[in-house]
Structure formats: C-alpha cells, structure tokens
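Me: I'd like to practise reading a structure feature by feature. Could you walk me through this one?

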Amino acid sequence: MWLRPNRMLSRRGLRRLILVLATLALMTAGLGAWQGNVFAPLFALIEASAVAIALSVAWRAGDRSERITLDAESLEVQTLPGRRCTRFQPYWVRVLLESGEGRYRLLLSSHGRKLEVGAFLAEEERAELFRKLRVLLADFQSQSRR
C-alpha cells in the first residue's frame, strides 16, 4: 500500500495562486500609497513574501508518504522522504487504533515497539486503513498456519 496525503493543488497551481495573491496585495497597496500611505507597498511586499513562504512550506508537507509492504518475511513500513524503514514480523504484529491527542492514532505494535502509520490521513481514511491492515494480516497469518 502507498499512503499519501490529499493534495489538491499542483506546483503550477501553487505558483499561480501566489502570483494572484501577491498581485492583489500590491494593487491594494498601490491604492493605499496613492491615498497617502507611503509604507503600504513595503508592507504588501513583506506580507506577500510571508504568504508565499507559508504556502510553499505547507505544499511541501504534502510530499511525505508511507509505503507498507507485506511479504512472508516481514511487514515493512518505509517513510518518505528520508527513507526510514521499519520492519515487523508479520506473525506477531498487531494493528491498534488508539485515541490520543484529540484524534485516533493507527499503530503497528510488535515486541514492545510501536510505530504510528498514516498520521497525515483523515480520520475516516485512517479507520479504513485499520480495517484493511487487520484483514490482510489475519489472512496472511491464517494462510501461514496451513
């Protein structure tokens, strides 16, 4: 499974949004400067830069993802970017849905280790992933006992 957050805006769309917001801010500042507020363009440039940086940072946060792989040897969770990889024995891993910090956390647990999975997903998506993982692991464990 490949888990990714929902991203509604492409890079091109982000650039267009920043350009439109900066243009509107500078037009408003130009009107303010025409009426005597000489500092309005300076503040508009500062505000437009801060908004552009904040939107870019928020957009880049959408790059994170997780890949969950299940095979006969392990259940592997690879976190991207950064390529952190965590492995669990598929026979011993438990899937938990715990409440905490005002939301539900989806945890994989085995041999005293816990790993939160899908923290960037919505509550409904996390609950659906919980059900899918439990079914997959139950099927896998029942097939291996045969």
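**From helix to sheets**

Reply: Gladly! Residues 42-59 are 100% helix and 0% strand, with the end C-alpha atoms 26 Å apart. Please keep in mind that this is a predicted model.

Me: What does UniProt place at residues 42-59?

Reply: The UniProt record, an unreviewed entry, gives the feature "transmembrane region" for residues 42-59. An annotation like this may be inferred rather than shown by experiment.

Me: Now the strands. In what order do the 4 strands of the open sheet come?

Reply: The general idea comes first: strands of a sheet pair through backbone hydrogen bonds, in either a parallel or an antiparallel way. Here the order is β1-β2-β3-β4, with antiparallel pairing. Strands β1 (2-3) and β4 (84-88) are at the edges and have a single partner strand each, so one side of each lacks a neighbour in the sheet.

Me: How many bridges join strand β2 to β3?

Reply: There are 6 bridges between β2 (residues 65-70) and β3, and these two strands run antiparallel. To see one of the pairings, look at Thr-69, whose bridge partner in β3 is Glu-76.

Me: Let's zoom in on Glu-66, in strand β2. Is Glu-66 buried or exposed?

Reply: Glu-66 is buried, and it has no salt bridge. To read that, compare a distance with a cut-off: a salt bridge needs a side-chain nitrogen of Lys or Arg within 4 Å of a carboxyl oxygen of Asp or Glu. The nearest side chain of opposite charge to Glu-66 is Arg-84, at 6.0 Å.

Me: Which backbone nitrogen does the side chain of Glu-66 reach?

Reply: That of Gly-118, at 2.8 Å. Leaving aside residues up to four places away in sequence, Glu-66 also touches a list of residues including Met-1, Trp-2, Leu-3, Thr-79 and Phe-120.

Me: Thr-79 appears in that list. Where does Thr-79 lie, and which residues does Thr-79 touch?

Reply: Thr-79 belongs to strand β3 (residues 75-80). Beyond residues up to four places away in sequence, Thr-79 touches Ser-65, Glu-66 and Arg-84. For a sense of distance, the C-alpha atoms of Thr-79 and Leu-97 are 19 Å apart, with the two residues 18 apart along the chain.

Me: And Leu-97: what is its bridge partner in β6?

Reply: Leu-106 is that partner. Strands β5 (residues 94-100) and β6 (residues 103-110) pair antiparallel over 7 bridges. Their hairpin has 2 residues between the strands, and Glu-101 there takes a positive phi near 60 degrees.

Notes. Residues are numbered from 1 along each chain as its sequence is written. This is a predicted model: local features need pLDDT of at least 70, side-chain atom pairs count only at pLDDT 80 or more; totals for chains, interfaces and linings use all residues. Side-chain values use heavy atoms; hydrogens and water are left out. Contact means heavy atoms within 4.5 Å. Two strands pair if DSSP finds at least two bridges between them. Buried means under 20% relative accessible area, exposed over 50%, partly exposed in between (1.4 Å probe, protein chains only). Lys and Arg count as positive and Asp and Glu as negative; His and the chain ends are not counted. A polar contact is a pair of N or O atoms within 3.5 Å; within protein, one must be able to donate a hydrogen and the other to accept it, and residues adjacent in sequence count only if both atoms are side-chain atoms.
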